[in-house]
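Here is a short briefing on the structure shown below. It is arranged by topic for quick reading at the bench.

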There are 2 protein chains.
Amino acid sequence: MKNEKAKVRIIPLGGINEIGKNITAIEYKEDIIVIDCGLKFPDEDMFGIDLVIPDISYLLKNKEKIRGIFLTHGHEDHIGALPYVLRQLNVPVYGTKLTLGIVETKLKEHGLLGSTELIRVKPRDVIKLNSVSVEFIKTNHSIADSVAIAIHTPLGVVLHTGDFKIDYTPIDGEPMDFARFAEIGKKGVLAMMADSTNVEKPGYTLSERVVGESFARLFAKAKGRVIVATFASNVHRIQQIIDAASMHGRKVAVSGRSMENIVAVAAELGYLEFEKDILVGIDQINKYNNDKVVIITTGSQGEPMSALARMANSEHRKVNIVEGDTVIISATPIPGNEKLVSKVINRLFQKGAEVIYKSLSEIHVSGHACQEELKLMQCLVKPKFFIPVHGEYRHLKQHGELAISLGMPEGNVVIPENGGVIDVNRNSIRKNGTVTSGQVFVDGLGVGDVGNIVLRDRKHLSQDGILTVVVTLSKENNSIIAGPDIISRGFVYVRESERLMDEAKEIVKETLRECEENNITDWASLKSKVRDDLRSYLYEKTKRKPMILPIIMEI
Amino acid sequence: MKNEKAKVRIIPLGGINEIGKNITAIEYKEDIIVIDCGLKFPDEDMFGIDLVIPDISYLLKNKEKIRGIFLTHGHEDHIGALPYVLRQLNVPVYGTKLTLGIVETKLKEHGLLGSTELIRVKPRDVIKLNSVSVEFIKTNHSIADSVAIAIHTPLGVVLHTGDFKIDYTPIDGEPMDFARFAEIGKKGVLAMMADSTNVEKPGYTLSERVVGESFARLFAKAKGRVIVATFASNVHRIQQIIDAASMHGRKVAVSGRSMENIVAVAAELGYLEFEKDILVGIDQINKYNNDKVVIITTGSQGEPMSALARMANSEHRKVNIVEGDTVIISATPIPGNEKLVSKVINRLFQKGAEVIYKSLSEIHVSGHACQEELKLMQCLVKPKFFIPVHGEYRHLKQHGELAISLGMPEGNVVIPENGGVIDVNRNSIRKNGTVTSGQVFVDGLGVGDVGNIVLRDRKHLSQDGILTVVVTLSKENNSIIAGPDIISRGFVYVRESERLMDEAKEIVKETLRECEENNITDWASLKSKVRDDLRSYLYEKTKRKPMILPIIMEI
């Protein structure tokens, strides 16, 4: 009877209605299990921001309940906020071998490796923690060593799929652990959270293996160097590039910092297998004939500072694209990156390279499950309640509809929100208020010192620039002692707008004169009058609204 | 013999390696024919810019030779720069009825209608102008009344396809004028310029008519209001929406300024046909049952101020999206707009609408020819020389390869550049130097007063904001009389960074003291010292690089 009133609280603190910063708290009585701790890359209107991380106020308030952060896989949107969060919340971090390998590199950079307890787990491990236990279940994804997480509570199992796809022929030879999913499904799963990324796509995601077949075919045809850009974290993709190179007697060089890091970590941990001498330094490639060289590089998203972009722009210290090169972009642009990728492709063509970038060529497959795979997951796990996660609203909504189309009662599906509390007990699921959540901006060394006001100013400055008006007034009678001087940046070509600036100065003088006559002496009023009069004048003349910054000095 | 030395000069002044601002000069002896005069929408790094228009210095220098501007169709990227160009270059403008109808609305807004000579033409019209004549040939595109332009010169015909697709069942009942294309092809075409937009797509572009069939099907299913967002200029699409509405006894209302403008112009000129009383004002729709209403709206690109975005955000004065509404987004996102469109779709879902936006549903077809259509054009026209236009480099390159694959000698294809002169005579084609070309930024009322320096400043300001340092120095000995004061915008939350600002002031004082000691008195050196010292200090503390603006007042 006691347990009838008990409940599991599921609180996503990020990752809902957005792509990135995935983090979810699962709470049962005195225990909180945190799943993932990711970052988000800034939207284009977050000027100057480097990264976005989740607001973890709720976790800080409940510090003593937290049993650890449990990672599903090593992508940035699932682990990237760790270096920031761990500074405030020093709890154990659980993850599989490769995931923790990537986390270690990251924590080392931030000087946090020594102070963090990292606990390595493997699929089927079960960690007992007070009133709950946490189990890891093997899945497939676009990074090796991905797992789903099952939390066994006295009320039942809460399952989080993590990011997944179903690959019957994965590169590591181990498909998802169907047996275990079916087993816990048979015993009964209280609630499931599942990856919604590809819910709009019918059918099945192709196996990673088809990409290897494309590489083999393309490498055979290539008469010069082959340069492959892909996501650094896709270790299986990298393995397949190396295999194709080996098949055609080509040496492999690696370019781009994150690619070099991951290849080192993955090779050390045994996730990449190759003959020692196939890998050569990027400065060694000129020793080999062009048709004996493959370069694996970052830059598949067109990032302007990436190795591939630098090669395309003749800014790479070791590699310049030349006629005869074959460049394979083994990725699809993440929404928002289309133009950047397009720019790089144009440059590569201009340099005479053959560029292979179409989805047609099967040089990339997704890491996320399409509709038929999502249905399979529903049918294996047969959860009582369903919470679609990892997607924008439209994805969550359609994922919910998919579950309903398979027979789930409409009331058993809850579309979550960041910070929204979902209470689940044996018989019901309901939304129950909210906790603090949101986004924290990282800008340089600052974490959280840039907020909406600063961003609003940056946006304003970016549109029409700034006009600074400086004037020195007499302490006694507010008469002008020096100035007004006007300096603008980002507004107009000053040289061609001298008259505009001269007239603007006259406006300011006139305004100050009026204020003197009307005995307006407090600085706030003076500044606001100057700002208003100048704004009207400039808008009339230019239809622009620069930021106006009046500065009064008094002596 | 005389003509052997004569040549046709083809000079694209825009539209090459970019999407937008199409404009080409075709020159024979003393005559210049200008084809199209378009604008480009700014890239995301052109902060604050409203529009981009072509640099027409070359045309201004050769004013007396220009016989007119000849328009292929009424899209912004082909006519949008007219109001700016005509102010400097008052020449006749030739176009078909609908094209000129749209131009008129535009010129009226800019007060240029009275001073411009607009000459209405129809397909197969031939305009004789001194040594050349200009012929208009009917095509199909995503706007009615599109034409190709053939320039008959003593050296042969130069053909510009304009934007085109091949539609065997167009809404106006008139397919492209195959007969005329074949006829001039048979007589011999010296050079062809052709639309490269869809050269990467195999097969054929579907007929506009399939979209109408989808509308009919979707309208039949919809239980509430139907809201269709599409490009305002696609008059045939609008006709099909009205036809589907009529078929299901629904009234039609129009929302969005450009949509209202085009519907008015198109109806007046006879390009839209419907029974008078089917059209109702947007404030009348509440008089009808929801299942008797269709709203045609702008916003298919997710533009934040568009009617659809306002409906989705509950900011539209007349229409609020409610459960039961069906929203059809009859367009695909233009590269760069994906995220904006996605945002609107999410909002619409959140409001409970059914949203139909997938290419799967055949609710949009392209206006540009795919590979098989491009091949047909090559085979009809059989040009001696080929210049692919209207695309990024990769499109032009692949379009060239398509022509070569059909048997054209490699040397007969020239990939053009903006400002690059292409000389063609009976036997040869070659690049021959360049003329001034480029982009002119329109920002508010200013045309060309914002250039790269201003944009660089806006970009800098957008990333890290600005810090203004003001100090009043004594004329006699450069000692500090007032200040230094530091005011920042877009840099940090000032309230949380008081210590940083206080320390920054100390840095400035210290720097000025040092300068005094070392007898550094000229302002340029003082300012540069202040800037350098402050920059190092702030970078060390924040890893940010705000713009630093030192201002010295002297009394």
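In chain A, His368(A) sits in the loop between strand 17 (354-356) and helix 12 (371-381). The model is predicted. His368(A) is one of two positions that UniProt, in an unreviewed entry, lists as "active site"; the other is Asp195(A).

**Active-site positions from the UniProt record**

- Asp195(A) and His368(A) span 174 residues in sequence, yet their C-alpha atoms are no more than 7.5 Å apart, so the two gather at one spot.
- Is His368(A) buried or exposed? With a relative accessible area of 13%, His368(A) is buried, because buried means under 20%.
- Beyond four places in sequence, His368(A) touches His141(A), Asp163(A), Phe164(A), Lys165(A), Asp195(A), Thr197(A), Asn198(A), Thr205(A) and His390(A).
- Asp195(A) belongs to strand 12 (residues 189-195) of chain A.
- Asp195(A) also counts as buried, at 2% relative accessibility.
- Contacts of Asp195(A), leaving aside neighbours within four places in sequence, include Thr161(A), Gly162(A), Asp163(A), Leu374(A), Val389(A) and His399(A). His368(A) and His390(A) are in contact with Asp195(A) too.
- A polar atom of the Asp195(A) side chain lies 3.1 Å from the backbone nitrogen of Phe164(A).

**Binding-site positions from the UniProt record**

- For "binding site", the unreviewed UniProt entry lists His78(A) and His390(A).
- These two span 313 residues in sequence, but their C-alpha atoms are no more than 10.6 Å apart, so they gather at one spot.
- His78(A) is part of helix 3 (residues 76-79) of chain A.
- At 1% relative accessibility, His78(A) is classed as buried.
- Setting aside residues up to four places away in sequence, His78(A) touches partners that include Asn22(A), Asp36(A), Cys37(A), Gly38(A), Leu71(A) and Asp163(A).
- His390(A) is placed in the loop between strand 18 (383-389) and helix 13 (393-405) of chain A.
- His390(A) is buried as well, with 8% relative accessibility.
- Which side chain makes a polar contact with the side chain of His390(A)? His78(A) does, at 3.3 Å.

**Links between the two sites**

- His390(A), a listed binding-site position, touches Asp195(A) and His368(A), the listed active-site positions.
- Other partners of His390(A), beyond four places in sequence, include Gly15(A), Ile16(A), Ser196(A), Thr197(A) and Leu396(A).
- Asp163(A) is in contact with His78(A), with His390(A), with Asp195(A) and with His368(A).
- Asn22(A) touches His78(A) and also His390(A).
- Phe164(A) is in contact with Asp195(A) and with His368(A).

**Nonpolar cores**

- Nonpolar side chains tend to be buried together in soluble globular proteins.
- The largest nonpolar core here has 69 residues. Leu59(A), Ile69(A), Leu82(A), Leu98(A), Phe219(A) and Ile328(A) touch the most other members.
- Helix 8 (residues 235-247) of chain A gives the most to this core, with six residues.
- Where does this core lie relative to domain 1 and domain 2 of chain A? Domain 1 (8-203 + 366-430 + 438-443) and domain 2 (209-359) both give residues to the core, so it lies between them.
- Phe219(A) touches residues including Val226(A), Val228(A), Ile241(A), Ala244(A), Val294(A) and Ile328(A), not counting those up to four places away in sequence.
- Another core, of 68 residues, lies apart from this one. Its members include Cys37(B), Leu89(B), Val294(B) and Val442(B).

**Overall build of chain A**

- Chain A has 16 helices and 25 strands.
- Of its 555 residues, 58% count as buried.
- The C-alpha atoms of chain A fill a box of roughly 85 × 75 × 45 Å along the principal axes.
- Among contacts between residues at least 6 apart in sequence, 71% join residues at least 24 apart.
- Gly111(A) is in the loop between helix 5 (97-109) and strand 7 (118-120). At 62% relative accessibility, Gly111(A) counts as exposed.

**How the two chains relate**

- A turn of 180° and a shift of 0.0 Å along the axis lay chain B on chain A, with an RMSD of 0.1 Å. The two copies are thus related as by a two-fold rotation axis.
- Ser462(B) comes closest to the rotation axis among the residues of chain B, with its C-alpha at 2.4 Å.
- The copies meet through the same surface, because 100% of the interface residues of chain B are also interface residues in chain A.

Key. Residues numbered from 1 in each chain as written. Chains lettered and ligands numbered in written order. Predicted model: local features only at pLDDT ≥ 70, side-chain atom pairs only at ≥ 80, totals over all residues. Heavy atoms only, no water. Least-squares fit on C-alpha atoms with pLDDT ≥ 70 in both. Contact = heavy atoms within 4.5 Å. UniProt positions renumbered as here; feature names shortened; annotations may be inferred. Helix = DSSP H or I, 4+ residues; strand = E, 2+ residues; numbered from the N terminus. Buried < 20%, exposed > 50% of the residue type's maximum accessible area, 1.4 Å probe, protein only. Polar contact = N/O pair within 3.5 Å; in protein donor to acceptor, adjacent residues only side chain to side chain. Core = buried A, V, L, I, M, F, W, Y, C linked by side-chain atoms within 4.5 Å. Domains from an automatic or database assignment.
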